[in-house]
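These are my notebook entries on a structure that I looked through entry by entry. I set down each item as I looked it up.

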Amino acid sequence: MIRLIWKRLLQLIPTVLIVLSVTFVITRIIPGNPASVLAGPEADPRLIAELEAKMGLDKSIPEQFLIYVSDIFKGDFGTSLNYNEPVFQLILSRIPKTLMITFTGLIVALILGTLLGTVSALRQNSWIDHFCTVFSLLGASLPVFWIGIMSIFLFSVKLGWLPTMGMGSIQNGLWDILSHMLLPCLCLSLAPMATFARTTRSSMLDTVNNDYIRALRARGLKERKVIWKHAFKNALPPIISVLGVQLGICFSGAILTENIFSWPGMGTMISTAINTRDYALIQGAILTLAVVNVAVSLIMDIIYMLINPKIKI
Amino acid sequence: MKKMLSVVLALAMMLSLMAGCTPSTPAQVDADPTQPPAAGAVNEQEVVGSAAEIKNEAVDGGTLTLSMDKAPTSLDPLKISGYNAFVLTTQMGDPLVAHDASGSGEYLPSLATKWEVSKDGLQWVFQLRDDVHFQKGTYQDGRLMTAEDVAYSINRNKKHVNNTLSFVDEVKATGENEVTFYLNRPTATLLYELTLAYYMIVPKEEVEGWGDDFGMHFCSTGPFMLESHEIDQQTVLVRNENYWGERPHLDKVIFKVIQDGDQRVNALLTGEIDIALSLPTDSLERVVNSENLDLISLNKVQMNSIAFSLENGPLTDPKVREALILATDRQELVDGAFAAGTAAVTKLPLCSNSWLYSEELEGKVPDFDPEKAKAVLAESAYPDGFDITLSYASSVERDRVGVILQQQWKKYLNVNVILDGTETATYNDLVHTGNGELYMGGLTASTSDPHFSLGYAFDSAKAHASYNPGPYINEKADELIYKALATTDHSERAAIYGELLDLVMADYPGIWFADQFTFWGVRKGVHMEDFDNWFLICNGFNYNAWKEN
């Protein structure tokens, strides 16, 4: 186990390096440059050249890359042009806000999705099974932004139950925060919920039809115990691996959701950074997303092994 | 059979889940089928009137919430860039002289009580109020503002890149309550420049105390002071209890960041915000149809133009440029691209709400004439047409303009237009580097003074900036532009601008085709009067917004 963790941590190094160089090159290739954004459209080209020199953008790209990487080894991820704050600090302050909605959304999705999947596996071909099928299909195919806009229209504009945007403030009580979280979480949870439902359903169907389940039933074990203690536990591994993938997707998917709901997390920050060509911030944020993804998949592998020691990775 | 039934049932269930969202939309549209899209049916007079008309006595208290599409990164007058930064900083400071939102072109006293200009136009002396205190900050406790502070603030900005006072050599405190501006050439637009947020007066202690962070802890003399500035969330301003002018009615003003235009309308409909700035034109109908909202047409115009590159490609041939102007049907562009009532046809490189704009001047620009266009192109180096790229920052309207123009020029001149609609940062970079052929853009005229549209568009000092992307460089034109600035007399200036137009239009520098209006959504019960470009919520003497309880 320890060896596995070490091995994976070592694998992290090339991953980070690749992500670093790819984002570095891509940010420089896309047209538009931070100096011209900072100076504004009305600015004089001489002023822009001056700013470029100040920002070190007049140097060649390999030279800029070397400076950037050596700064990172010193623990300096650069300063965001937009927010005028060190990138590292900025990302640290934003991650919790994004995790707030992604984790909540994912937990809701996990609970409801597996429940729905289990029930529909046990009642195969019942109405609830068909509901599950249609729901999974819609959940997987409806884009997040559409669900976002529609849910705002329904719950905020038409019914007036929930606020349309923002994060609220804890000073106004817990409900203020919760009510602002509800719609973004709903939005983020639909797609993974559908995936969980599908995966649970098929995994449960496989398990439930096994001989040992029949044997357990024959021994007169309570049905509830058979399902939840024996069948569900054995159906878990595929769900766990889907969970890992979904966490990554959810975290990146938050970019769209946060923009729709003006949620002040990583997502709104990344889109602002891209629109303003805030190189240091784009690189820092994408690096963070990559590290989060790698870390999540490592954690998932460990959980996998703990649940089922037979599995060797 | 049973299986079929359950599938149908499940489907029906799913549909009923969605149903909540859909039926209301068509119902809303059906409610008034006679209504043309968007603002067409809006009676501007009536709308503006209802907001300005004061139904009952102004009451103190309450919070006014406005939306902005993105938060400025700095509120320091030195570093402000973009509309939102201007608007925010303006609410917290006072200019030396104030603009008159009624559009008279006159300037009103604010921090300066009166001013005088020397005969040669090179010295402007301003008398200042003696009762102005700074807002309480971290490094000073709300001390009296002095003439030295005014000189400091303006000189400070002069050293910076944002500086628009290049014609001012120095500002000096020349008396206890008197400052003098020393100009290097007579300039009629000094007073206009002084109304801008760049020239708000700031206390030296705060600027030096906070250093680079002053932009997050802005402090000035205005009716509202900064409480918090959270980028991506909101900026909160609170009443300055020690304000020199009339006490502001509102306790608080909050600017919330909402990036998405339709979301701004949603928040307005639910009452989360009181005023939505700059509505997307396609959502105006939702505001018009709501009984809780007023649609306000602002005294602010976004010009739309296509500047020809005078450096690259076929456009270096003046015959080609002339042909393209002649082959452009402006009316069709405006009718096809902009929602009804949200834009008007123009022909001049001059903002249509300017005092100078007239039909007579429009005569200096060739009319739409496809036959003549063909004949002119036949005389050029490209008689059989050519390929050309039209670059622009993509928006709903500009995408449509591009497509219509593509058809027009193909039909009349056999010119193939390649559309290159990108996002703003890419387009701006293209303008700055001068690598385009046709630049579709246009400036937002923040004042009716012709210098800021006509003057900027052909000034060689603005070459490769968004004002003059061509760039159009002509010494004679530069001379006229500065000559027009040297006098404040409208008829004298009009004559010079007429000469300038004759000069530049003979070179066919571009096509000016539409002025777009700006709309705000305002909730009923909000009483605000200044709907100018840099609007003021409160300014101490003639504007003081309030909200019904």
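I began with C185(A), which counts as buried because its relative accessibility is 8%; buried means under 20% relative accessible area, exposed over 50%, and partly exposed in between, with a 1.4 Å probe and protein chains only. I then looked for a bonding partner: the closest cysteine sulfur belongs to C250(A) and lies 9.1 Å from the sulfur of C185(A), too far for a bond. C250(A) is in no disulfide, its nearest cysteine sulfur being that of C185(A) at 9.1 Å. C250(A) is buried as well, with a relative accessible area of 4%. My search of the whole structure found zero disulfides over all chains, a disulfide being a pair of cysteine sulfur atoms within 2.5 Å.

I noted the basis of these entries: the model is predicted, local features need pLDDT of at least 70, side-chain atom pairs count only at pLDDT 80 or more, and totals for chains, interfaces and linings use all residues. Residues are numbered from 1 along each chain as its sequence is written, chains are lettered from A and ligands numbered from 1 in the order in which they are written, and side-chain values use heavy atoms, with hydrogens and water left out.

**Helix packing in chain A**

I next asked at what angle helix α7 and helix α8 of chain A pack. Helix α7 (residues 144-158) and helix α8 (residues 174-208) of chain A pack at about 145°, and their axes are 9 Å apart. Helices are DSSP runs of H or I with at least four residues, strands are runs of E with at least two, and both are numbered from the N terminus. The axes are lines fitted to C-alpha atoms, for helices over the stretch in contact, and angles run from 0 to 180 degrees between N-to-C directions. From α7(A), the residues that meet α8(A) include I147(A), I152(A) and F155(A); on the α8(A) side I listed L183(A), L186(A), C187(A) and L190(A). Contact means heavy atoms within 4.5 Å. By class, I recorded eight nonpolar, three polar and no charged residues in this contact. Ala, Val, Leu, Ile, Met, Phe, Trp, Tyr, Cys and Pro count as nonpolar, Asp, Glu, Lys and Arg as charged, and the others, Gly among them, as polar.

**Backbone entries**

Most residues other than glycine have a negative phi, and most peptide bonds are trans. N125(A), not a glycine, has a positive phi of about 70°. N125(A) lies in the loop between α5 (87-122) and α6 (127-141) of chain A, and counts as partly exposed because its relative accessibility is 43%. S262(A), also not a glycine, has a positive phi of about 50°. S262(A) sits in the loop between α10 (223-261) and α11 (266-275) of chain A; at 6% relative accessibility, S262(A) counts as buried. In chain B, I found a cis peptide bond from G470(B) to P471(B), with omega near -15°. P471(B) is placed in the loop between α16 (454-457) and α17 (475-485) of chain B.

**R286(B) and chain B**

I located R286(B) in helix α9 (residues 284-289) of chain B. Leaving out residues up to four places away in sequence, R286(B) touches F153(A), V157(A), D262(B), V265(B), N266(B) and L269(B). The C-alpha atoms of R286(B) and V265(B) are separated by 7.7 Å, with the two residues 21 apart along the chain.

Finally, I counted 18 helices and 20 strands in chain B. Of its 549 residues, 56% are buried.
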